[in-house]
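Thanks for coming. I will go through one chain this morning, starting with a loop and then moving to the strands.

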Amino acid sequence: AETLRGRYHETITYANGGTSPGQDDLTVRTQCLRTGDRCMSLFHAPDGVVPLVFSGNTWTRDDEGTVPCNLGGTVHIKLTAEYPLPDPLQNPITVLTGHGQNVSSDSACTGGDFEDKFERTAD
């Protein structure tokens, strides 16, 4: 898990063909327990964060909040996803891909199943 470090660009693509702007220039910092079996990776930028928890060779995402809706106003969302370790493992990880679901409180701003990709851009 400690090989996930540096700066990344996030791209979210929905199964229905839609995309989310994702976030540019996210910096990730990973902290692990002494045993290394559980870690927290926090992607952060001035306009948001993406928290991932590592355990059993997989990161999981489970967060929620209120975000702008493309159609105007705001919507409450809950994101869950899993990101397996890349195979083969790189040091540092150049691309981390996960699959998940976005559950939205407003049917006008639907979420759905998505692929989330973090591509390394710098140290």
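**Loops, strands and overall build**

P92 is found in the loop between β7 and β8. Strands here are DSSP runs of E with at least two residues, helices are runs of H or I with at least four residues, and both are numbered from the N terminus. Before going on: this is a predicted model, where local features need pLDDT of at least 70, side-chain atom pairs count only at pLDDT 80 or more, and totals for chains, interfaces and linings use all residues. Residues are numbered from 1 along each chain as its sequence is written, and side-chain values use heavy atoms, with hydrogens and water left out.

Back to that loop. The peptide bond from N91 to P92 is cis, with omega near 5°. P88 lies in the loop between β7 (74-84) and β8 (95-104) too, and a cis peptide bond with omega of about 5° joins D87 to P88. In the loop between β5 and β6 (58-68) we find N57, which has a positive phi of about 65° although it is not a glycine. For context, most residues other than glycine have a negative phi, and most peptide bonds are trans.

Now the strands. How many helices and strands does the protein chain have? Zero helices and nine strands. The radius of gyration, taken over C-alpha atoms, is 15 Å. The globule rule, 2.2 Å times the number of residues to the power 0.38, gives 14 Å for 123 residues, so the chain is as compact as a globular protein of that length.

Take β4, residues 38-45. Its side chains alternate: C39, S41, F43 and A45 point to one face and are buried, meaning under 20% relative accessible area with a 1.4 Å probe, protein chains only. R38, M40, L42 and H44 point to the other face and are not buried.

β4 has partners on both sides of the sequence. Strands count as paired if DSSP finds at least two bridges between them. With β3 (residues 26-32), β4 pairs in the antiparallel sense over six bridges, and the bridge partner of T30 in β4 is S41. The two form a hairpin with five residues between them, and G36 in the turn has a positive phi of about 80°. With β5 (residues 48-55), β4 runs antiparallel and is joined by eight bridges; L42 stands opposite P51 in β5. That hairpin has two residues between its strands.

Last, the chain as a whole: buried residues make up 33% of the 123 residues.

Notes
Buried < 20%, exposed > 50% of the residue type's maximum accessible area, 1.4 Å probe, protein only.
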